[in-house]
Amino acid sequence: MQKRHQQRFQQLQPHLAGARVLAESYFRCQQRAADVLQDSLEAALTTEQFPSTEQCRAWLFQVVRNRCIDSLRKQRKLSNDDSYDFTLATAESTPTEEGYSEVHQALAALPFEQRDILVLREFSDCSYAAIADILGVAEGTVMSRLHRARLALSKELQRRMGESQ
């Protein structure tokens, strides 16, 4: 059993940095993201449905994404905040951190679905096929959603640059 876990961990290890970036995009809190990533890794190492090496990255990202969403839903349920949706990190609610770039702030202001797909593609470097697997949609849908998300990010950046002048 221990040897199987070690082999699985070796398969997952190259993808952990990207999975961490994905988790951090949901929470804007490194500790909370690390907790969810740890929980995801534990589930991944002990599951009976471990994927092939080729599918490992997309599968891990799907596990992390689902665990993040479950955690956010649990938080919502515990807080009884009906106005809470998955647009957690808006420009107004994102804490100002040293080095927090305009791009990250603009990304945080986007709706959940747009932020999610941009993080998967641009920050986690997932292929269209991998994103399609993670989100459970067709590859063409990924391309069109990604296009709309990029346009929204561009528009948000232009708006922010206009306000700062």
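**Briefing on a predicted protein model**

Over residues 80-99, pLDDT (the predictor's confidence in each residue, from 0 to 100) stays under 50. For this stretch the model has 30 contacts (heavy atoms within 4.5 Å) beyond four places in sequence. Where pLDDT is low, the predicted coordinates should not be read in detail.

This is a predicted model, in which local features need pLDDT of at least 70 and side-chain atom pairs count only at pLDDT 80 or more, while totals for chains, interfaces and linings use all residues. Residues are numbered from 1 along each chain as its sequence is written, and side-chain values use heavy atoms, with hydrogens and water left out.

**Confidence**
- The protein has a mean pLDDT of 82, and 84% of its residues reach 70 or more.
- Among its elements, the lowest mean pLDDT (82) belongs to helix H5 (residues 102-109) and the highest (92) to helix H7 (residues 128-135); helices are DSSP runs (H or I, at least four residues), numbered from the N terminus.

**Phenylalanine 9**
- Phenylalanine 9 is located in helix H1 (residues 2-12).
- Its relative accessible area is 30%, so phenylalanine 9 counts as partly exposed (between buried, under 20%, and exposed, over 50%, with a 1.4 Å probe and protein chains only).
- Leaving aside residues up to four places away in sequence, phenylalanine 9 touches Leu16, Leu41 and Leu45.

**Helices H5 and H6**
- The contact between H5 and H6 involves His104, Leu107 and Ala108 of H5, together with Arg115, Leu118, Val119 and Phe123 of H6.

How values were computed. Helices (H or I, at least four residues) and strands (E, at least two) are DSSP runs, numbered from the N terminus.
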